[in-house]
Amino acid sequence: MKRTLWLALFLLLAAAPASAQYAGSYARLGFGARGIAMGGGLVGDVFSGASPYYNPALAPRVERQGLDAAAGFLSFDRSLQYLQFAFPLPPRAGAAVGIIRSGVDNIDGRDNAGYHTDDLSTQEYAIFAAFGARLSSRVSGGVGLRFYHADLFEGVDPVVSLGLSLGLAAQVSENLAFGFAVNDLLARYQWDTSDAFGQNGKQTTDRFPVRVQFGGAYRLAGGRGTITAEVESQIANVERRTERVSEIEGVPTIFTRSEDFRLSEARFRLGGEVWLAQPFALRVGVDRFGANGFEGASPAAGFAVRQPLGEIAARVDYTAVLEPYGQGVMHLVAVHLDL
């Protein structure tokens, strides 16, 4: 086990720090109000019913059928919604399916002369499925698939991609567990803007970063609380194109040069949850700690209230997230039902 942990840490920290804006950023915010309130570092949280979206190896920890729905309210006419159905597969497995939708509305469209043309909007979806099984009484493994769809401009055909996730989780003692996951393997968008821009259009490959995550969870206060910590390395291959103009037989000609780079960025996540009384819990966390220093950090806080609906156990979650770089505060409201 120690050799595995050291190998995971080496893979996470070996790459040099760098930063970039990659495709599918909305799908890396986390899943649901609970996870985002705890900073999103739930890759090793085997104790509290964390979504298998974070790590497919958590799927066997699903104890009963559960439905999660959440809506995010953001600045600049952005919107975010989550939906998940998770269920156990006795005696040793579990699974989850879900969808994340992200969009931006009321984008002011202008022509080359600066006149208003239309109100534009964008739509992106991530449909996921996760399956996991117990490999022993303490260790579980899982695999996940993510189907990405992006529709950003009416003149450009929507693009789709498929990403692969792999995960492991191990409970090393009654109150301590670790998790390891690799997400978004093979995921990439391939854009073709030739129909929209004619000769000025081009084909572009927009790769998702491969996310290598390692983290732990510690259960405290007799199971009334959980502390989580996680380190993530995002690794992506990107292409940089530069153009120069040269004269050939008296005719100015544009030449394009392409270079491939491998960029990486490490970030940390911390979070905690404590049930002060049986129906009420408080949560705090910070995401993106270490991303571009403190400027990129994203602190969050929230609460949860349990309220039975007849024979159905229900929970309502609220989370407020301070988005980095002055984008404002994101509010999330979620409902969880044990069916």
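This report walks through strand pairing, aromatic contacts and two arginine-ring arrangements, along with one buried arginine, in a predicted model.

## Strands E3, E4 and E5

Let's start with the strands. E3, covering residues 93-110, and E4, covering residues 116-134, run antiparallel and are joined by 16 bridges. At one point along this pairing, Arg110 stands opposite His116 in E4. The hairpin of E3 and E4 has 5 residues between the strands, and within this hairpin Gly114 adopts a positive phi near 90 degrees.

E4 also pairs with strand E5 (residues 139-151), again in the antiparallel sense, over 12 bridges. Here Glu124 has Ala150 in E5 as its bridge partner. The connection from E4 to E5 is a hairpin of 4 residues. As a general reminder, side chains in a regular strand alternate between the two faces of the sheet.

## Aromatic pairs and a cluster

Across the whole structure, a search turns up 12 aromatic pairs. One of them is formed by Phe31 and Phe128, an edge-to-face pair with 5.5 Å centre to centre and 85 degrees between the planes. This pair links distant parts of the chain: Phe31 lies in the loop between helix H1 (2-13) and helix H2 (32-37), Phe128 belongs to strand E4, and the two are 97 residues apart. Both Phe31 and Phe128 are buried.

Tyr53 and Tyr54 give another example: their ring centres are 6.4 Å apart and their planes stand at 80 degrees, so this pair is edge-to-face. These two tyrosines, Tyr53 and Tyr54, are both buried. Which residues join up in one aromatic cluster? The members are Phe31, Tyr53, Tyr54, Tyr82 and Phe128, so the cluster brings in both of the pairs described here.

## Arginines over rings

Two arginines deserve a look for how they sit relative to aromatic rings. The charged end of Arg146 is placed over the ring of Tyr53, 4.0 Å from the ring's centre; Tyr53 is also a member of the aromatic cluster. Elsewhere, Arg306 lies over the face of Trp275, at 3.8 Å from the ring centre.

## A buried arginine in E12

Is Arg267, a residue of strand E12 (residues 251-277), buried or exposed? With a relative accessible area of 7%, Arg267 counts as buried, because the cut-off for that label is under 20%. What does its side chain contact? The side chain of Arg267 makes a polar contact with the side chain of Glu265, at 2.3 Å.

Note on methods: Residues numbered from 1 in each chain as written. Predicted model: local features only at pLDDT ≥ 70, side-chain atom pairs only at ≥ 80, totals over all residues. Heavy atoms only, no water. Pairing = 2+ DSSP bridges. Buried < 20%, exposed > 50% of the residue type's maximum accessible area, 1.4 Å probe, protein only. Polar contact = N/O pair within 3.5 Å; in protein donor to acceptor, adjacent residues only side chain to side chain. Phe/Tyr/Trp six-rings, centres within 6.5 Å; stacked < 30°, edge-to-face > 60°. Lys NZ or Arg CZ within 6 Å of the ring centre and 35° of its normal.
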